[in-house]
Amino acid sequence: MATLKRIQKASLFARLAAYALRASFSVLRRVLSTKVAALTAPSVIPSSSHFQTRNVVVVGAAYAGYFAARILAASLPRDGRYRVIVIEPNSHFNFTWMLPRFSVIEGHEHKAFIPYTSAFFSQAPRGMVQWIRGRVTSVRRQSVVLCSGQEIPYEFLVIATGSAVANGLPSRVGVEDRNEGIEVLREMQTRIKAATRLVVAGGGAAGVELASDAKSHYPDKSVTLVHSRHAVMHRFGPELQRTATDGLRRLGVEVIVGERVDPKSADGKFITLASGRKIECDCFINCTGQTPASDLIADIAPGAIAPSGHIRVKPSMQIDDECLPNVYVCGDVADTKAANPNSRIAGRQAEVVADNIVLAASGKTPSYTYEVNWADEGVKLSLGLDRSVSEFWDGKSELLLSHREDDLTMMSGRAWQALSAKPFEDTGLYPGT
Ligand SMILES: Cc1cc2nc3c(=O)[nH]c(=O)nc-3n(C[C@H](O)[C@H](O)[C@H](O)COP(=O)(O)OP(=O)(O)OC[C@H]3O[C@@H](n4cnc5c(N)ncnc54)[C@H](O)[C@@H]3O)c2cc1C
């Protein structure tokens with residue numbers, strides 16, 4: 001049995017290495033092809049009198065939309081026929097990964113807000129990208145309508161609206177402006193610092209990371225994590241579930257599973273579980289309840305909204321509605337059966353969407369497809385301020401890699417660089433917004 005497990009792990013490792021190699025080649029190919037396109041084409045899109053410029057509208061600029069917009073801007077015909085319009089309410093790219101940590105530790109909160117920059121679109125001709133700060137409230141057959149009432153026509157539409165949470169931190173800041181976001185994070189830090197008995201609901205990544213960071217940073221506080229399923233990180237493999245539970249308990253976090261918190265029962269002194277058990281609690285943090293942000297298509301394509309709230313898509317990432325062939329969906333809002341959506345998956349879908357729109361814009365059939373791959377669902381989970389674990393699981397065997405962490409900000413600077421922003425220099429809104 002032990003030998004079989006070892007063989008399965010070795011095979012998983014080999015397939016992971018092959019996957020990483022393929023992914024690197026694909027990145028290299030894209031970088032080279034966009035560089036060649038940029039060298040051989042005009043650096044400013046011509047204002048053409050031959051044809052009217054058509055809009056490729058991208059709604060939402062995070063891991064899915066921002067990357068889709070970049071590929072589109074670099075790859076669409078550069079003759080003035082198309083331009084990319086990005087519509088995003090947030091002043092800055094919200095670096096969600098760091099929100100649990102920056103909810104606890106002080107002095108780094110500004111690093112969660114990465115400026116949107118024109119440098120990110122350096123491979124695109126000037127004038128190709130137009131940025132609108134706003135929120136789309138509804139999608140029509142050939143246009144989108146913003147909160148402000150403004151209507152923007154589209155030839156192709158990318159819906160990349162991700163997910164939202166009613167409770168705000170630690171999954172989302174719940175405000176659109178960077179400075180307000182920083183304040184919201186500071187308020188959470190102050191609440192946690194002032195508390196003596198914290199109760200965290202939800203044993204997914206956000207809950208586990210927040211509870212373990214809080215206990216690691218404030219060992220004298222009591223921290224309890226309550227999760228409704230049989231184990232924390234229940235959507236991942238059994239070894240990660242065990243490792244996360246052990247990591248939490250090693251730090252001194254009390255882990256209660258198979259129980260639900262009644263959030264309304266929090267009275268500043270106690271909180272009550274569904275079983276009737278009362279726990280002392282002067283600070284309650286709810287890490288549950290992310291929902292896909294699909295309401296903008298509720299009128300035009302209600303049948304394309306799955307019971308989970310995700311938007312149903314075809315393998316080509318076109319919306320699963322024959323009446324809307326020019327509408328594409330990517331990222332957390334798309335229903336692609338990924339058990340654990342993440343930014344890598346969002347980025348891979350963004351590529352498929354952008355490549356298909358480029359095909360369709362030249363009159364070809366959108367033929368690229370997306371299928372979830374177990375390697376995309378790999379996760380890195382912090383377990384306190386100085387440890388983390390990465391997991392890859394193909395449903396049968398599981399590979400865990402433990403890490404020592406010596407950077408409190410988990411190398412946030414790299415994320416800034418990946419978005420063509422200088423760490424940690426705020427350059428304000430996207431130019432011209
Ligand atoms: C706490 C936490 C930690 C995470 N850690 C990791 C990690 O370590 N690694 C990893 O790979 N993944 C991680 N994830 C998952 C990752 O953040 C998501 O998978 C990713 O954000 C999905 O990207 P997205 O672009 O689809 O959606 P989102 O990130 O949700 O972004 C959607 C964007 O659309 C905009 N938008 C929404 N509605 C509208 C509208 N109506 N009009 C215009 N714009 C709109 C929003 O403002 C937002 O900018 C984490 C998630 C959380 C919550």
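In this predicted model, Pro170 sits in the loop that links strand 10 (163-165) to helix 4 (178-194). The peptide bond leading into this proline, from Leu169 to Pro170, is cis, with omega near 10°. A cis bond turns up again between Pro423 and Phe424, this time with omega about -15°. Phe424 belongs to the segment that comes after helix 8 (412-418). The backbone has another oddity at Met317, which is not a glycine and yet has a positive phi of about 70°. Met317 is part of the loop between strand 18 (311-312) and strand 19. These spots are worth a look because most residues other than glycine have a negative phi, and most peptide bonds are trans.

Strand 19 also leads to the sheets. Five strands line up as an open sheet in the order 5-2-1-9-19, with parallel pairing. At its edges are strand 5 (129-133) and strand 19 (327-329), and each has a single partner strand, so one side of each is left with no neighbour in the sheet. Going from one strand to the next, the twist averages 20°. At the strand 5 end, the pairing with strand 2 (residues 82-88) is parallel and runs over five bridges. Within this stretch, Ile87 is found opposite Ile132 of strand 5.

Another open sheet is built from four strands in the order 13-12-11-16, and here too the pairing is parallel. Its edge strands, strand 13 (254-257) and strand 16 (283-286), each pair on one side only. The twist in this sheet averages 15° from one strand to the next. Inside the sheet, strand 11 (residues 197-201) and strand 12 (residues 222-227) run parallel and are joined by five bridges. One of the residues involved is Arg197, whose bridge partner in strand 12 is Ser222.

Now for the helices. Two packed helices are described by the angle between their axes and the distance between the axes. For helix 2 (residues 65-75) and helix 7 (residues 343-361), the angle is about 30° and the axes are 8 Å apart. With angles under 35 degrees counting as roughly parallel, helix 2 and helix 7 are therefore roughly parallel to each other. Their crossing is right-handed. On the helix 2 side, the contact is made by Phe67, Ala68, Ile71, Leu72 and Ser75, while helix 7 brings in Gly347, Ala350, Glu351, Val353, Ala354, Ile357 and Val358. Sorted by class, the residues of this contact come out as nine nonpolar, two polar and one charged.

A further pair is made up of helix 5 (205-217) and helix 6 (residues 238-251). The axes of helix 5 and helix 6 come within 9 Å of each other and cross at roughly 25°, which makes helix 5 roughly parallel to helix 6. This crossing is left-handed, whereas helix 2 passes helix 7 in a right-handed one. Helix 5 takes part in the contact through Val208, Ala211, Ser212, Lys215 and Ser216, and helix 6 through Ala244, Gly247, Leu248 and Leu251. Here the residues divide into five nonpolar, three polar and one charged.

Some of these elements come together again around the ligand. The ligand is surrounded by 35 residues, and the closest of them are Gly60, Ala62, Gly162, Gly331 and Asn342. At least two residues of the shell come from each of strand 2, helix 3 (99-102), helix 5 and helix 7. Helix 7 gives the most to the shell, with three residues. Helix 7 is also the partner of helix 2 in the packing described above, and strand 2 is the one that pairs with strand 5. By class, the shell around the ligand holds 19 nonpolar, 11 polar and five charged residues.

Note on methods. Residues numbered from 1 in each chain as written. Predicted model: local features only at pLDDT ≥ 70, side-chain atom pairs only at ≥ 80, totals over all residues. Pairing = 2+ DSSP bridges. Axes fitted to C-alpha atoms, helices over the stretch in contact; angles between N-to-C directions. Parallel < 35°, antiparallel > 145°, perpendicular 65-115°, else oblique. Left-handed = near helix turned anticlockwise from the far one by under 90°. Contact = placed C-beta atoms within 7 Å. Nonpolar A, V, L, I, M, F, W, Y, C, P; charged D, E, K, R; others polar. Near = placed C-beta within 6 Å.
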